[in-house]
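Visitor: I would like to learn how the labels on a protein model are earned. Could you walk me through one?

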Amino acid sequence: MAGELEGVKEKLVNKKEYYENCPGCKVDLHKAGQRGLPIKELFTIWIVILGTALPISSLFPFLYFMIRDFHIAKREEDISYYAGYVGSSYMLGRALTSVFWGLVADRYGRKPVIIFGTFVVVIFNTLFGLSVNFWMAIITRFLLGSLNGLIGPIKAYAAEIFREEYQALGMSTISTAWGIGLIIGPALGGFLAQPAEKYPSIFSKDSIFGRFPYFLPCLIISLFSLVVAIASFWLPETLHIHESSMPVHDSYEALEAASDTKEGNESTPKENLFKNWPLMSSIILYCVFSLHDMAYTEIFSLWAVSPRKFGGLSYSTADVGEVLSISGFGLLVFQLTLYPLVERYVGPVVTARVAGVLSIPLLTSYPYIAMLSGIALSVAINFASVMKNALSISIITGLFILQNKAVNQRQRGAANGIAMTAMSIFKALGPAGGGALFSWAQKRLDASILPGDQVVFFVLNVIEAIGVLMTFKPFLVETQNT
């Protein structure tokens, strides 16, 4: 193996495709000699994404009660309205800085952005758990979103750390870890919030966890992110940094066979990403489905904990945590077993399209699930939650793949920054719009058309249907491999 690598290296050096002190070239050389499933790289991507995704939605199960404890809402029906603003502040912050962090990653490397972003989670997620009023919660969430810019760069990192045959698996790992984080985060929030009330034998009401009832889940997540941040110092950098101005090639074919390359050299002007329609069409579609997913995430938790008289399930935060834990396990099994097979045979576009279509009747059933009770309710809501999250992650994974295929390495950070900015704007609208919609729905329980929560799930289905229609040509254009 060592001799084979030396042979590949010598060919690349002769063709000016390998630079001894370039971290990206070293990673590419490693890939050229890599055999078998890249377990270490998959695990690395997994924990970094998980550490970032956990705090994004961990607040949703207890946000209703946190807003209630802030005493800012004058009526019970208005709690969801204020909860939406707290949920949106993270995404608003991320929308304002994602392109900046993408440019930083393209200029200075993926690794510094990943390390910095993970430490941001440690600091500001902890402070959010210690919030004493509505505005402190808003500000800490906003800073958490604006200073943690690693989502775009980590997608570029994943596209560069894996060999071409493992690209789909790498993107699936990102979306799986992301999806698991968006499920396990709320599960932790549900189980660990208000510990002095749930576990009085362990946590005293006079302790810090009694005085700050929503601190424990934030602390646990921050400690996990601290471990991830420290471990990130050992990540290999994948960005090509060449001191010479000589042409440099970057493709898997060149690394494996020293053949002609696809990518241009560094002196070639960069493509205008906004004129790259395969990229922009996948980003726009990504935004539509992100709006739907974030609104659903907020609405599901609000709907589950709201009283039966408002059409909810009257669940406790622990009940919500249990449902989301089961969903997380089901999603993990699905992504590691079924998704790679489906994507390989039908492709990311068809997979996303079918998943979108199946989501519509599933969401339509939610108001009727609320009419159940006992074991029937438990079985139905867990099945629906697992299915909904699996379908959503299938869509997002496919769009991740399309976006990274549409650009070369030198612009991947910026491209993912644009995607994160646009997506974050839509995701900021999701919780705010979802909270306002849910609050409005609770005031029209006696309406003749789509009463109560029926109108909430109807609006979610309209957004989903728009997304499905946009998966067809001529709107969505898939980059063809050459």
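Visitor: How many residues does the chain have, and what share counts as buried?
Guide: The chain has 482 residues, and 61% of them count as buried. To earn that label, a residue must have under 20% relative accessible area. Keep in mind that this is a predicted model.

Visitor: What supplies the area that the chain exposes?
Guide: The chain exposes about 19500 Å². Carbon and sulfur atoms supply 67% of it.

Visitor: Which elements make up the count of helices and strands?
Guide: The chain holds 19 helices and zero strands.

Visitor: Why are α6 and α7 called roughly antiparallel?
Guide: Their axes cross at roughly 175 degrees. The label applies to angles over 145. Therefore α6 and α7 are roughly antiparallel to each other.

Visitor: What makes up their contact, by class?
Guide: The contact of α6 with α7 has 11 nonpolar, three polar and one charged residue. Among them, Phe116, Val120 and Phe124 lie in α6, while Leu143, Leu144 and Arg141 lie in α7. Arg counts as charged.

Visitor: How do you know which way α14 runs relative to α19?
Guide: Helix α14 and helix α19 pack at an angle of about 160 degrees, with axes 9 Å apart. That angle makes α14 roughly antiparallel to α19, because the cut-off is over 145. Their crossing is left-handed.

Visitor: Which residues meet there?
Guide: In α14, they include Leu285, Phe289 and Trp303. In α19, they include Asp453, Phe457 and Glu464. By class, this contact has 13 nonpolar, two polar and two charged residues.

Note on methods: Residues are numbered from 1 along each chain as its sequence is written. This is a predicted model: local features need pLDDT of at least 70, side-chain atom pairs count only at pLDDT 80 or more; totals for chains, interfaces and linings use all residues. Side-chain values use heavy atoms; hydrogens and water are left out. Axes are lines fitted to C-alpha atoms, for helices over the stretch in contact, and angles run from 0 to 180 degrees between N-to-C directions. Helices (H or I, at least four residues) and strands (E, at least two) are DSSP runs, numbered from the N terminus. Angles under 35 degrees count as roughly parallel, over 145 as roughly antiparallel, 65 to 115 as roughly perpendicular and the rest as oblique. A crossing is left-handed if the near helix is turned anticlockwise from the far one by less than a right angle, and right-handed if clockwise. Contact means heavy atoms within 4.5 Å. Buried means under 20% relative accessible area, exposed over 50%, partly exposed in between (1.4 Å probe, protein chains only). Accessible areas come from the Shrake-Rupley method with a 1.4 Å probe; for residues, only the protein chains shown count as cover.
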